[in-house]
Amino acid sequence: MRLRLLVPSLTLAAIVLGLAPGGALAAAPLPFGHACEAKDGALFCPAATDADRVPSFDGVPLDVDVWLPASGDGPFPTIAMIHGWGGNKTNFENNADGYSAQDYARRGYAVVLSTARGFGRSCGEATSRTSPGCDKGWIHLADQRYEVRDQQTLLGTLVDEGIAKAAGLGATGISYGGGTSLQMAYLKDRIRNADGSYGPWTSPNGTKLSLAAAWPRWPWSDLADALVPNGRSWLTKGNLYRYASPGGVDLMSYQDGLFALGSANFLAPKGVDPGADLVTWKARIDQGEPYDAKALSYLKELHDNHGAGGISLTSAPAPLIIQNGWTDDLFPAWQGARAYQQIRAAFPSAAVNLQLGDLGHNRGANHPGDNTAFNAAGLALFDRLLAGKGGTAPKPSVTSYGQSCPRKAKNGIGPWTASTVAGLARGTLTITAAPRKTITTAAIDKQLDAKLNALALDPCSALPAARDTAAGIVVLSARSPGITLLGSTSIAVTHPKASGTSQIVARIWDVDTKAKTMRMVDRSVTRPTAGATKQTLRFNGNAWRFAKGHRIRIELTAGDPPTFRPSNGSFSLRILTAKATLPTREAGRR
């Protein structure tokens with residue numbers, strides 16, 4: 001038991017003597033040695049200067065703020081809230097939707113907000129790069145051996161200080177922070193050493209630690225397959241997390257934007273650090289296919305050390321809720337779905353939930369009503385498992401909302417629930433064709449593709465309906481009976497032997513035949529295996545209502561720049577047969 005007093009309220013003598021007025025013992029909350037002040041209904045304990053930064057396990061100084069409840073003795077259930085790529089420790093302060101450090105602190109949690117190494121004042125800004133701590137304080141791209149271990153070190157230090165409850169540690173974050181917190185859940189009570197080996201997670205003073213719960217939002221599970229997708233994203237069973245050959249297609253618009261953000265901070269000098277050589281990796285991927293052994297080794301590095309898919313699951317991960325967006329072109333729904341499926345395959349009763357919706361990075365709408373419901377579930381998870389407010393760990397389940405227009409709508413369509421992603425759908429709609437028609441790079445519609453740039457696309461904006469008979473594309477089409485697409489469409493195609501430089505871009509459109517307009521509903525890219533004569537294409541997935549009488553239009557093309565990098569040179573691929581299977585919420589086969 002300790003009397004919590006704010007440092008500014010004590011006299012100098014009381015501070016020196018460790019006594020409050022009247023002789024009572026005073027133990028002011030000083031997380032990482034930071035003085036606290038009352039603010040926003042909680043206590044704010046910032047790193048006010050670079051001298052207040054917290055050295056991580058390897059000495060890199062991290063810029064860290066802590067929020068604490070306004071009263072109470074501690075130790076507190078504690079949440080690490082981890083920002084997105086290019087962000088900093090301030091990103092989760094006073095967010096209007098209730099997902100903020102202040103909101104959690106007012107509910108009784110200690111909240112750790114740190115700027116990830118290589119960003120901001122954690123060695124990111126040139127003026128913050130003090131030596132020797134920042135000499136190697138560059139970005140490691142959410143590496144389990146560095147950024148993930150940074151978060152574990154911060155939580156462990158707060159346990160030693162009596163601020164954090166050892167049995168009540170949690171993690172959450174969005175995008176970059178989502179990928180980090182998902183890896184923390186997979187590691188649970190382990191760390192990843194610099195040599196790739198595993199060790200027990202302990203505090204600096206030796207207390208054994210384990211993550212109690214995590215809520216990763218918009219995360220990746222396989223970073224290689226996110227940045228260079230090869231169309232095998234929904235593979236299950238034994239190869240859930242093997243980045244399959246061949247190397248995929250550069251998600252160019254996102255990669256360029258993300259690299260620009262990273263370059264504005266602290267990237268490792270080219271060729272200096274094989275595990276963090278973003279400059280070399282980006283330069284090689286920019287060259288495109290065919291990918292040699294060196295290029296594939298870079299993708300393997302991303303898979304093995306920079307995502308949950310590379311972590312050995314020797315036991316069930318920490319209880320968690322994973323949130324991904326159907327309409328997220330960077331980390332689509334399958335990133336979370338694969339993690340959910342992998343966990344359940346290995347541990348059928350594991351405490352894991354999956355949240356899907358019209359959310360995430362662009363083109364996600366992030367409807368406020370859906371966010372409110374999902375935020376309540378995330379808070380309930382922490383209340384049960386960190387704060388011990390009653391209840392048990394979640395049973396496996398999937399909850400999905402769907403895409404709505406306009407984007408400013410309060411809610412997406414739905415929700416629906418099931419125990420598996422596939423179980424959300426209760427029927428199928430099949431569209432078959434024998435087009436014997438060639439897709440070719442010469443027919444790429446650069447003007448249309450520019451409008452579909454993943455970084456800027458508003459999927460609710462209607463475009464003029466395209467001609468199905470245009471040269472160089474293949475179209476499958478059917479009249480909608482009034483159905484709800486719910487999941488990932490697959491297309492089985494046959495063709496002559498493919499080259500190693502070809503790619504197949506697939507898009508689903510909702511065509512309003514009366515208005516003569518169309519909206520893009522889903523997309524994917526696949527790199528066919530060289531020499532193969534058949535291929536199954538899998539879309540990212542979506543939940544979307546096709547009105548009765550509208551036309552479902554599935555389009556196969558030879559490219560989609562600038563979203564995806566165009567193939568080197570030119571190619572043609574003759575599509576002989578195609579069979580599309582759409583999962584539908586409505587029961588029955590059509």
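Here are three short exercises on strands and rings, each with a worked solution.

The model is predicted, so local features need pLDDT of at least 70 and side-chain atom pairs count only at pLDDT 80 or more, while totals for chains, interfaces and linings use all residues. Residues are numbered from 1 along each chain as its sequence is written, and side-chain values use heavy atoms, leaving out hydrogens and water.

**Exercise 1.** Work out how many residues of strand β13 (residues 352–357) are buried.

*Solution.* Start with the terms. Strands (E, at least two residues) and helices (H or I, at least four) are DSSP runs, numbered from the N terminus. Buried means under 20% relative accessible area, with a 1.4 Å probe and protein chains only.

Next, look at the two sides of β13. Val-352, Leu-354 and Leu-356 point one way, Asn-353, Gln-355 and Gly-357 point the other way, and all are buried.

Now draw the conclusion: six of the six residues are buried, so β13 is largely enclosed by the rest of the structure.

**Exercise 2.** Find which strands pair with β13, and give the handedness of each β-α-β unit.

*Solution.* Two strands pair if DSSP finds at least two bridges between them. Take β12 (residues 320–325) to begin: six bridges join this strand to β13, and the two run parallel. One place to look is Leu-320, whose bridge partner in β13 is Val-352.

Then turn to β14 (residues 397–402), which is also parallel to β13, with four bridges. Here Gln-355 stands opposite Thr-399.

For handedness, point the strands away from you: a crossover is right-handed if the path from the first strand over the helix to the second runs clockwise. The unit of β12, helix α10 (residues 333–346) and β13 is right-handed. The unit of β13, helix α11 (residues 368–385) and β14 is left-handed.

**Exercise 3.** Classify the ring pair of Tyr-99 and Trp-215, and say which parts of the chain this pair ties together.

*Solution.* Rings of Phe, Tyr and Trp (its six-membered ring) pair if their centres lie within 6.5 Å; planes under 30 degrees apart are stacked, over 60 edge-to-face, and the rest tilted. By this rule there are 14 aromatic pairs.

For Tyr-99 and Trp-215, the centres are 5.3 Å apart and the planes are at 90 degrees, so the pair is edge-to-face. Tyr-99 lies in the loop between β6 (76–82) and α2 (101–106) and Trp-215 in strand β11 (residues 213–217), so the pair ties together parts 116 residues apart in sequence.

Finally, check the burial: Tyr-99 has 2% relative accessibility and counts as buried, and Trp-215, at 0%, counts as buried too.

Notes
Buried means under 20% relative accessible area, exposed over 50%, partly exposed in between (1.4 Å probe, protein chains only).
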